[in-house]
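I opened my notebook beside the structure and wrote down what I looked up, one entry at a time. Come along and follow each entry in the viewer.

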Amino acid sequence: MYFPTKEIKNSAWVKDKKIYKQAEKNPIKFWEDLAGKLFWHKKWRKTFLHKPPYFQWFVGGKINITSNIFENNFLGWEKIKNKNALIWEPELVEEQSKTLTYNELFREMNRAANGLIKLGVKKEDRVGIYLPMIPEAIISILACARIGAIHTVVFSAFSPSALKVRLQDTDAKVLITSNGYYRKGKIIDLKKNADDGIKGTKVKKVIVVKHTDNKVKMKKTRDIWWNDLIKNQSDYCKPAIMDSGDTLFILYTSGSTGRPKGTIQSCGGYMVQAYWTGKWIFDFHQDDIFWSTADLGWITGHTYSCYSPLLNGTTFLIYEGSLDWPKPDRWAQIIEKYGVTIFYTAPTAVRMFEKFGAKIFKKYNFATLRILGSVGEPIDESAWQWYFEKIGKKRCPILDTWWQTETGGILISSLPGVGPFKPSFTGLPFPGLKTDILDEKGKSLPSNKQGNLVILPPFAPGLLSGIYKNPKKYLKTYWSQCGKKIYYTSDAAYKDKNGLIRIVGRTDDVIKVAGHRFTTGELEAAINLHPNIRECAVIGIPDKIKGEAIVVFAVSKSENVSLKEKRSPNIKEQIKKQVIIQIRKEIGPIATPKQVYLVRDLPKTRSGKIMRRILKRLFTPLEIAGTEKKRKKNKSLTGFTKEKLGDLSTLANPEIVEKIQRILKKSL
Ligand code: WTA
């Protein structure tokens, strides 16, 4: 267990643990006071309204988040307008980086907002944003917020099919994209993906940022270059006055079924939480340079690579490319080049740095760093220690921040000036947040007992207010397991005797690959679209670098394979390749499976339910974690004794388990 250094304690916004007790007394009042520090066009009538499962914060309050970032910033516009808001680092080392001051960003946002209005975009219209990590992505998000349009950002590495599903669900009429972007030195033709993705949607206008040198086809009546759109636009656009409960954005995330769900964030509550969690957890100060490595396509990107640092008047950095490109130490170079003071990344990245070896980073002293953060998956003790010693030089606190797309901002983390920092524990709930750990019957568990992590009223202002067009799913996913008044996180956790929470992992079928969220259902639905696949099962297995990796068990449609092909020894390999291509086509390269096994059948119950649990147990943690050599030596570990597999009596086809075991053994 570690505590803040004197230096951190001196500078931190919050130094005294009394804050927890104060907030606990009356969390509604606590948030009310915090919200009051921000700029409201009109004050709210009621701070918290609860009609389970629905709730609303700051009812009747009128705001615009961009006014709080710019002209009405808490720090004072005159004070921040000439400081850098944004630093952009390109992937190409030879390309020039860019910076935008608050004033420049304000102007660009206004021009883009006026451009959107010219295209006919109105308050509440949905606008798709399918952009790489370039300043125009931030400008687009802000431009939507300025005019009250609802942005829905789609991760640029998602495939056209994944883009289509999201555009169809939101009925977006406008899409903002770019001609391309760089990924590990190659140009990715994003416009082509966008063209494919909008087929069959209601998109009428496509705005294209020219970012790379590749030529793209522009459709005359539909496509317009970003520069042409904003060329003659005025430098000022009046902010739309939004109701606190109006939707700020929709962000899709993976849920229990094949289709992703659109989580809804409201203007008022989200803003308050984004501002205060950033300020207290990252301890933003005037001279900080904050770098969150998350892409804007995910919630971490929305909140901490955009809104939170901007609301706090902080300078932040976005980077277009891969952290290890062109060399493993690119991220370290970036930290030194800009004097980054706060660095926020995922455990996967930390494990990747660790794998490259500390030698590579020896020449960097990281003297400017003062705070380190982690997010997206549990950070194991060894990665935590490595991060703490080799990057933070035992000087920087590590903030292990737990939250979800649904919670809008961080909910559990130690505070840098208070601590304690305990490896693999995320820390205490944010002041004012009530959590509990419940058993299956809904009974509160004592310390050290593992159960379901839940959030109790009044929750937090940034908790999602719904699932777009799907109230039933909202109720079922979050408010049915423990009643309509308790938010069910789907994470297993326990707390130590000091109340510090350790997150164990998901209890549903969500897989976290390199911190990216997928469900077995959506991956299976993607694979099943392939004409040669009859059915499949997807599981997540532990992976040393990525946390979890995707493994597919697929059953092919033998009637689609000719007799000649059946005799060909390559046919299996071909089908496996098809599965990989299929998943990349439907979702994107980030979902590429680590292994595909072709099997004759899948273990199923008599009612036809696929028993993924059994498939999962076929992989013992040791086999996965062990080195190649170790695995060979320990072949007996693949003996999969019956006890290890659990009860097979409910299976309609228990014999298949042994057959799959044989296939696995051969492959190891
Ligand atoms: C997991 C990411 C352990 C958790 C912001 C959660 C974590 C899911 C942590 C949400 C952490 C996130 N320690 N696990 N610090 N942070 N998770 O929606 O399982 O992509 O439910 O949001 O990530 O993933 P999402």
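**Entry 1: a strand with two neighbours**

I began with strand E6 (residues 126-130), which pairs with E8 in the parallel sense over four bridges. I noted that this is a predicted model. To fix the pairing in my mind, I looked up Tyr130 and found that its bridge partner in E8 is Thr177.

Then I turned to the pairing of E8 with strand E11 (residues 205-209): these two run parallel and are joined by five bridges. Here I picked out Ile176, which stands opposite Ile207 in E11.

How many of the residues of strand E8 (residues 174-178) are buried? I counted five of its five, so I wrote the strand down as mostly covered, buried being under 20% relative accessible area. I then sorted the residues by side. Val174, Ile176 and Ser178 lie on one side, Leu175 and Thr177 lie on the other, and all are buried, which leaves both faces of E8 covered. I added a reminder for myself: in a regular strand the side chains alternate between the two faces of the sheet.

**Entry 2: one buried leucine, one exposed lysine**

Next I looked up Leu229, which has its place in helix H10 (residues 226-230). Is Leu229 buried or exposed? Its relative accessible area is 2%, so I marked Leu229 as buried. I set aside its neighbours within four places in sequence and listed its contacts: Gly115, Leu116, Leu119, Ile207 and Ile224. I had already met Ile207 as the residue in E11 opposite Ile176. I also checked Leu116, which is 113 residues from Leu229 along the chain, while their C-alpha atoms are separated by 8.3 Å.

For a contrast I chose Lys199, in the loop between helix H9 (190-198) and E11. Lys199 has 51% relative accessibility, so I marked it as exposed, the cut-off being over 50%. Its C-alpha atom is separated by 9.8 Å from that of Gln168, 31 residues away along the chain.

**Entry 3: the seven-strand sheet**

I then traced an open sheet of seven strands and wrote its order as E5-E4-E17-E16-E18-E19-E20, with mixed pairing. Which strands stand at the edges? They are strand E5 (98-101) and E20; each has a single partner strand, so one side of each is left without a neighbour in the sheet. From one strand to the next, the twist averages 20°.

Inside this sheet I followed strand E16 (residues 289-292), which runs parallel to E18 and is joined to it by three bridges. Phe290 stands opposite Ile342 in E18.

Two helices that pack on the sheet also went into my notes. Helix H6 (residues 102-118) touches strand E4 (84-89) and E5, and its direction makes about 85° with that of E5. Helix H13 (residues 330-338) touches E4, E16, strand E17 (315-319) and E18, and its direction makes about 145° with that of E4.

**Entry 4: a threonine in E18**

I stayed with strand E18 (residues 342-345) and looked up Thr345 there. Thr345 has 3% relative accessibility, so it counts as buried. Its side chain makes a polar contact of 2.9 Å with the side chain of Thr293. Beyond its neighbours within four places in sequence, I listed its contacts as Thr293, Leu323, Val350, Gly373, Ser374, Val375 and Tyr387.

**Entry 5: the four-strand sheet**

Another open sheet has four strands in the order E21-E22-E24-E25, with antiparallel pairing. At its edges I found strand E21 (434-438) and strand E25 (501-506); each has a single partner strand, so one side of each lacks a neighbour in the sheet. The twist averages 45° from one strand to the next. E21 pairs with strand E22 (residues 451-456) over five bridges, and Leu438 stands opposite Asn452 in E22.

**Entry 6: the ligand**

What surrounds the ligand? I noted 18 residues, the closest being Asp400, Thr405, Asp491, Lys512 and Arg517. I then wrote down three distances to N or O atoms in side chains:

- A nitrogen atom of the ligand is 2.7 Å from such an atom in Asp400.
- An oxygen atom of the ligand is 2.5 Å from one in Thr405.
- An oxygen atom of the ligand is 2.8 Å from one in Arg506.

On its own the ligand has 530 Å² of accessible area, and the protein covers 96% of that. Helix H12 (299-311), strand E20 (398-401) and E25 are the elements that give two or more residues to the shell around the ligand.

Methods. Residues numbered from 1 in each chain as written. Predicted model: local features only at pLDDT ≥ 70, side-chain atom pairs only at ≥ 80, totals over all residues. Heavy atoms only, no water. Pairing = 2+ DSSP bridges. Axes fitted to C-alpha atoms, helices over the stretch in contact; angles between N-to-C directions. Buried < 20%, exposed > 50% of the residue type's maximum accessible area, 1.4 Å probe, protein only. Polar contact = N/O pair within 3.5 Å; in protein donor to acceptor, adjacent residues only side chain to side chain. Contact = heavy atoms within 4.5 Å. Near = heavy atom within 4 Å. Areas by Shrake-Rupley, 256 points an atom, 1.4 Å probe, with all protein chains shown as cover.
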